[in-house]
Amino acid sequence: MAKKYSKTKLNVFKDSIEKRMEEIANDMDDLHDEILDNGSSSGALSQESVYSVHMADAGTDSFEQEKNYNLMSRESDYYKNLEIALERIDDGSFGMCNICEDLIPEERMMEVPNATKCVKCKEKDKLGLI
Ligand SMILES: [Zn+2]
């Protein structure tokens, strides 16, 4: 029979996942504001740069902008992964390796809540042995 985490343990995971989702949602709100802010300030800057060439500044601005966008998409990917992890808690497949059906260690599940393979199977998978 496949091993499973106890209900109590699952609740601990759930709490930590939900907390992280909340943090990410807040972060994304901040990033969103920042992107909007940058958008308007770079608009003002480009007006100015017509007169005095501040190309370096403008470059930094769009770099910042791009960095924020990248961060946003990474955070939203992570958010989706956490959502998937919550679904797995609900359907009972959380923490179980879908290859050897062993229990994935707690530390790994805390780090990667949407993990579906134990480290051993993941390594084998990488080497193409599965
Ligand atoms: Zn495994």
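## Cys-97: partly exposed

Cys-97 counts as partly exposed because 19 C-beta neighbours sit inside 10 Å, and the cut-off for buried is 20 or more. Keep in mind that this is a predicted model. Along the chain, you'll find Cys-97 in the loop between helix 2 (55–91) and helix 3.

Setting aside neighbours within four places in sequence, Cys-97 has contacts with Asp-102, Ile-104, Lys-117, Cys-118 and Cys-121. Cys-121 is 24 residues away along the chain, and the C-alpha atoms of Cys-97 and Cys-121 are 7.9 Å apart.

## Ala-115 and the core

Moving on to another loop residue, Ala-115 sits between helix 3 (106–111) and helix 4 (119–126). Ala-115 is buried, since 22 other C-beta atoms lie within 10 Å and 20 or more is what it takes. Not counting residues up to four places away in sequence, Ala-115 touches Ile-104, Arg-108 and Met-109. Ile-104 is 11 residues from Ala-115 along the chain, with 8.2 Å between their C-alpha atoms. Ile-104 also turns up on the contact list of Cys-97.

Ala-115, Ile-104 and Met-109 all belong to the largest nonpolar core, which has 9 residues in all. The rest of that core is Phe-13, Ile-17, Ala-85, Phe-94, Met-96 and Cys-118. Phe-94 is in contact with Phe-13 and Ala-85, and also with Tyr-5, Leu-10, Arg-88 and Ile-89, again leaving aside neighbours within four places in sequence.

## The chain as a whole

Zooming out, the protein chain has 4 helices and 0 strands, so its pattern along the sequence is simply α-α-α-α. Of its 130 residues, 10% count as buried. Among contacts with a separation of 6 or more, 57% come from residues 24 or more positions apart; the Cys-97 contact with Cys-121 has a separation of 24.

Helix 4 is hardly covered: among its 8 residues, the count of buried ones is 0. Just after helix 4, Gly-128 takes a positive phi of about 75°.

## How far to trust it

The chain averages a pLDDT of 86, and 82% of the residues score at least 70. Among the elements, helix 3 has the highest mean pLDDT, at 95, while helix 1 (residues 7–49) has the lowest, at 83. As a rule, where pLDDT is low, don't read the predicted coordinates in detail.

Conventions:
Residues numbered from 1 in each chain as written. Predicted model: local features only at pLDDT ≥ 70, side-chain atom pairs only at ≥ 80, totals over all residues. Helix = DSSP H or I, 4+ residues; strand = E, 2+ residues; numbered from the N terminus. Buried ≥ 20, exposed ≤ 12 C-beta atoms within 10 Å, placed from the backbone. Contact = placed C-beta atoms within 7 Å. pLDDT = per-residue confidence, 0-100. Core = buried A, V, L, I, M, F, W, Y, C linked by C-beta atoms within 7 Å.
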